[in-house]
Amino acid sequence: MTYAEDVALDDLVTISGGGTPSTSKPEYFTGTIPWVSPKDMKFWEIVTSQDKITEDAVANSTAKLIEPGAVLVVIRSGVLKHSLPVAINRVPVTVNQDLKALRCGERILPEFLARYLQANAQNILTNVRGTTADNIPTESLRQLRLSLPPLSEQKRIAEILDQAESLRAKRRAALALLDELTQSIFFDMFGDPRKRIASEGIDFGTVVDEFRYGTSNKSGANGFPALRIPNVIGASIDCSELKLVQVDDAEFSRLRLLHGDVLFVRTNGNPDNVGRCAVFEQNLLVDSGYDPEEFIYASYLIRARLKSSVLPIFIRELMLTSEGRKNTRATAKTSAGQYNINTHGLGSLPIFVPPIYLQQKFVDRVQVVYGLKAVLGKFESEQNQLFASLQHRAFRGEL
């Protein structure tokens with residue numbers, strides 16, 4: 001396929017920014033007009049937002065109305081360290097100053113442009129600058145060059161990628177439903193955690209043999225596989241980015257992970273991530289390339305080694321309930337923009353402990369669900385790789 005000569009984005013779109021209505025007038029935030037910020041940019045199409053403003057707010061601020069069909073791009077946010085949120089508004093919206101709206105001219109379709117930006121996110125993010133916040137200079141967007149096919153070809157490419165994305169979205173939805181199923185099983189077997197804790201609550205520390213922080217040694221070319229914050233995600237252990245850390249025999253003996261240990265994230269810039277946990281299960285690490293008997297963990301994690309009266313997976317799922325998350329957030333302290341929880345805070349978390357036979361029955365059911373999640377997760381990873389390859393081919397004219 002023959003592409004036109006490279007074109008600067010500035011020649012194809014009109015770029016406009018946003019703003020924040022005066023917060024001294026709370027009545028400005030009681031309207032029906034979507035006011036989009038980075039927290040709303042989790043969807044490919046924007047039809048609403050968490051915050052909404054009035055017509056008076058639009059008239060008296062830089063948050064001007066953007067007609068449907070613009071490409072919205074986050075240009076200032078901490079998420080720019082690893083991703084570039086892009087979306088298309090399908091209803092009239094306003095945006096705050098952390099976003100730019102790219103209104104397409106006659107030569108380019110918004111669906112094509114949005115996919116192009118998504119496919120070239122890593123290149124665009126090389127322009128991120130850090131001052132008071134990570135940001136992409138508007139000028140770097142204007143100077144972005146792209147090979148522009150005819151409108152008919154743009155439409156074809158966008159439709160192919162939309163279909164591929166639809167399959168990925170269905171897979172993500174299936175995984176989310178399995179998460180809901182696990183919580184439903186918990187409530188079905190044990191009732192409302194808040195009520196159970198109120199009537200029979202005990203401190204988590206009473207069922208823990210030992211809390212211990214991990215190693216602060218730096219990673220290197222040699223050593224033992226050490227789990228870090230990125231490895232404790234999705235209520236499971238992710239071994240895709242393991243680091244090696246050298247420790248002496250005594251420290252290895254103290255920090256060696258055993259099957260059933262529960263790992264907690266003790267510090268993070270996001271309060272929702274503090275206290276997230278996962279169970280160390282050796283059978284899930286056989287494909288990691290390392291001996292499951294030789295894993296240790298880093299200092300931003302806390303290990304809880306439990307007593308026999310409580311099962312690790314029951315504790316994990318209790319901590320994942322809304323009550324468990326609420327109690328964990330309440331225990332976290334903040335310092336220099338970081339939220340932290342220590343062993344004392346963890347030990348004081350309120351829990352309840354049902355009979356061990358009921359815990360085991362629950363664990364048996366949950367393990368079936370997590371087995372399904374593992375299968376779907378593997379397919380999702382393969383789909384993501386295929387989608388990335390499809391994007392690459394699409395914008396090289398190889399579809």
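At 32% relative accessibility, arginine 90 counts as partly exposed, a class that lies between buried (under 20% relative accessible area) and exposed (over 50%), using a 1.4 Å probe and protein chains only. The model is predicted, so local features need pLDDT of at least 70 and side-chain atom pairs count only at pLDDT 80 or more, while totals for chains, interfaces and linings use all residues. Residues are numbered from 1 along each chain as its sequence is written, and side-chain values use heavy atoms, leaving out hydrogens and water.

## Salt bridges

Let's stay with arginine 90 for a moment. Side chains of opposite charge can pair when their charged atoms come close. The rule used here asks for a side-chain nitrogen of Lys or Arg within 4 Å of a carboxyl oxygen of Asp or Glu, and the count by that rule comes to 19 salt bridges. Arginine 90 and glutamate 45 form one of these pairs. Their partnership links distant parts of the chain, 45 residues apart: arginine 90 sits in the loop between strand 7 (86-89) and strand 8 (94-95), and glutamate 45 belongs to strand 4 (residues 45-46). Helices and strands here are DSSP runs numbered from the N terminus, with H or I of at least four residues for helices and E of at least two for strands. Glutamate 45 is partly exposed, with a relative accessible area of 40%.

Here are three of the pairs, with the N to O distance for each:

| Basic residue | Acidic residue | Closest N to O distance |
|---|---|---|
| Arginine 90 | Glutamate 45 | 2.8 Å |
| Arginine 168 | Glutamate 165 | 2.7 Å |
| Arginine 316 | Glutamate 317 | 2.9 Å |

Arginine 316 is buried, with a relative accessible area of 1%, and glutamate 317 is buried with a relative accessible area of 1%. Salt bridges that share partners also join Glu45, Arg90 and Glu111 into one network. As for the remaining pair in the table, arginine 168 and glutamate 165 both lie in helix 5 (residues 151-190), three residues apart, which is about one turn of the helix. Both of these residues are buried.

## Helices

Which residues of helix 8 are buried? They are Pro312, Ile313, Phe314, Ile315, Arg316, Glu317, Leu318 and Met319, which leaves helix 8 mostly covered, with eight of its nine residues buried.

Two packed helices are described by the angle between their axes and the distance between the axes. Helix 8 (residues 312-320) packs against helix 9 (residues 322-331) at an angle of about 75°, and their axes are 4 Å apart. That makes helix 8 roughly perpendicular to helix 9. Axes are lines fitted to C-alpha atoms, for helices over the stretch in contact, and angles run from 0 to 180 degrees between N-to-C directions. Angles of 65 to 115 degrees count as roughly perpendicular, under 35 as roughly parallel, over 145 as roughly antiparallel, and the rest as oblique.

On the helix 8 side, Leu318, Met319 and Leu320 meet Ser322, Gly324 and Arg325 of helix 9, where contact means heavy atoms within 4.5 Å. The residues of this contact divide into three nonpolar, two polar and one charged. In that scheme Ala, Val, Leu, Ile, Met, Phe, Trp, Tyr, Cys and Pro count as nonpolar, Asp, Glu, Lys and Arg as charged, and the others, Gly among them, as polar.

Helix 2 (residues 110-119) is largely enclosed by the rest of the structure, because seven of its 10 residues are buried. The buried residues of helix 2 include Phe112, Arg115 and Tyr116.

## Sheets

Strands of a sheet pair through backbone hydrogen bonds, either parallel or antiparallel. Two strands pair here if DSSP finds at least two bridges between them.

One open sheet has three strands in the order 21-26-25, with antiparallel pairing. Strand 21 (267-268) and strand 25 (333-335) stand at its edges with a single partner strand each, so one side of each is left without a neighbour in the sheet. Strand 25 pairs with strand 26 (residues 338-340) in the antiparallel sense over three bridges, and lysine 333 stands opposite asparagine 340 in strand 26.

Another open sheet has three strands in the order 5-3-8, with mixed pairing. Strand 3 (residues 33-36) and strand 5 run antiparallel, joined by three bridges. Tryptophan 35 stands opposite aspartate 51 in strand 5.

## Serine 236

Serine 236 is found in strand 18 (residues 236-237) and counts as partly exposed at 24% relative accessibility. Not counting residues up to four places away in sequence, serine 236 touches Asn231 and Ala278.
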